[in-house]
Amino acid sequence: MRGGARADEFNFNTNPSTPNTGQPTPMYPAGVVGGGGRKKGVGVRSWLVLDSSGKSDLKEEGKHSIMRRTGLPARDLRILDPLLSYPSTVLGRERAIVINLEHIKAIITGQEVLLLNSKDPSVSPFIDELQRRILCHHHATKPQEEQKSEGESHTRTDPAQGEAGTPQSSGNQGSEAKKDAKQSLENQDGSKVLPFEFVALEACLEAASSSLEHEALRLELEAHPALDKLTSKISTLNLERVRQIKSRLVAITGRVQKVRDELEHLLDDDEDMAEMYLTEKLAQKLEDSSNSSMNESDTFEVDLPQGDEDDRLPPEFASLANRDERYLQGTDAHHLLMSAHSALSRNSRGTHTSSMRSAMTNKLDVEELEMLLEAYFVQIDGILNKLSTLREYVDDTEDYINIMLDDKQNHLLQMGVMLTTATLVMSAFIAVAGVFGMNIRIELFNDNEAGPSRFIWTVIGGSIGSIFLYVGAIGWCKYKRLLE
């Protein structure tokens, strides 16, 4: 009774379904599973979704939800993580394009664009421009989609087609879908309209290149006055300004160089560019699925002959017919099986060959994307050349400053040589004075024989001799080109 009272007092919860029956079950805080589980809401971020019609929607999506939605692995999503520092990257995957260019972090699929940092003030102009381009693309491709839908409805309600035309229409469904997908990329006036993924990719490239160009232009406008002021007057303040400008120049040059290298890598690899044709791959999948469905329908049409002829024969000829056709029945069945197998193998081989041929065509036909990337590659290369020119100007200014400092240092060295020579001459004159200051008796110190005039002539002679000695030393240094 006492132990039961203590158990009721501490109110231990027991779980009879667990192996440790009667043991207390630990109570974990809310939002934690099993004590060591992950908290709810970890990895959930705000994504701005822009569909192909231009509509925007802000959604809270987790990492696994984005992976299922776009088919991207987790390592590609780490490129867009704002907590990690990744360089500029453009990746083409099976169902999406991953873009990490400067302040733009986006995922482009065949029907929508997902932006990560949509609340950033620097991204707001890009969102408006992207939405405007998507709307223009939607209005340009909408009439072709309406015509295609009307053609499909007319095909379904055509009474002349009947049941006999059903296999043929199902067989041509993939090619017609691919042809409609290509025709939908043409405008009303016959001009070419880019696919949805290329429209979004072009907007991202233009925003990144415009941002880099604007930053390079602003740096150039700040650099030239600071360098000119440093050239005219070398001071600590001017040197500090030039140092900051050079640090910014090195940083932006590295960013522009990384974007240029990324575009150059894409232009050099046709397979990477072919991976970015998301609309073409969707049309190819539709064609493959329609071909597979056609092959399945052809498979069900092949059937072995049923030996029903015996029922139509008279009874007296039934035994004779069965005896004569017993051997032929097995032979015909074998031949029919072999012909059906060869027909199916030919159909499957033809489907595989056509899919491989279309895949190779998609891989090689990348001229449209190549032209798009080349345009922005030239623009990025121009920005890099401009920054290289500015870097050369900074280096030339530094060389000029170093030359000026060396020249001043040379002048100081020459002044030091002249002062050292003067000190040497003065030391010689002082040595003469020291010699005359010795406590000895000579005729010059006798006042009766030598008066003050000799003392004056001695001082004047020593001074003139020192001056001639100094001039001779300086002339010798100039003769040896030690002084200018």
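**View 1. Lysine 478 sits in helix H14, which spans residues 452–479.** Helices here are DSSP runs of H or I with at least four residues, strands are E runs of at least two, and both are numbered from the N terminus. This is a predicted model, so to speak of a local feature takes a pLDDT of at least 70, side-chain atom pairs count only at pLDDT 80 or more, and totals for chains, interfaces and linings use all residues. Residues are numbered from 1 along each chain as its sequence is written, and side-chain values use heavy atoms, with hydrogens and water left out. Is lysine 478 buried or exposed? Neither one: its relative accessibility is 46%, so lysine 478 counts as partly exposed. That label falls between buried, under 20% relative accessible area, and exposed, over 50% (1.4 Å probe, protein chains only). Leaving aside residues up to four places away in sequence, lysine 478 touches Leu483 and Glu484; a contact means heavy atoms within 4.5 Å.

**View 2. Serine 118 is found in a loop between strand S6 (112–115) and helix H4 (124–156).** With 12% relative accessibility, serine 118 counts as buried. Which residues does serine 118 touch, not counting those up to four places away in sequence? They are Leu48, Leu58 and Ile127.

**View 3. Helix H7 (residues 196–232) packs with helix H13 (residues 367–436).** Two packed helices are described by the angle between their axes and the distance between the axes. For H7 and H13, the angle is about 15 degrees and the axes are 11 Å apart. That's why H7 is roughly parallel to H13. Axes are lines fitted to C-alpha atoms, for helices over the stretch in contact, with angles from 0 to 180 degrees between N-to-C directions; under 35 degrees counts as roughly parallel, over 145 as roughly antiparallel, 65 to 115 as roughly perpendicular, and the rest as oblique. As for who's in the contact of H7 with H13, its residues split into 22 nonpolar, five polar and seven charged. (Nonpolar covers Ala, Val, Leu, Ile, Met, Phe, Trp, Tyr, Cys and Pro; charged covers Asp, Glu, Lys and Arg; the others, Gly among them, are polar.)

**View 4. Here are two cysteines, 136 and 477.** Cysteine 136 is partly exposed at a relative accessible area of 43%, whereas cysteine 477 counts as buried at 8% relative accessibility. How many disulfides does a search of the whole structure find? Zero, where a disulfide is a pair of cysteine sulfur atoms within 2.5 Å.
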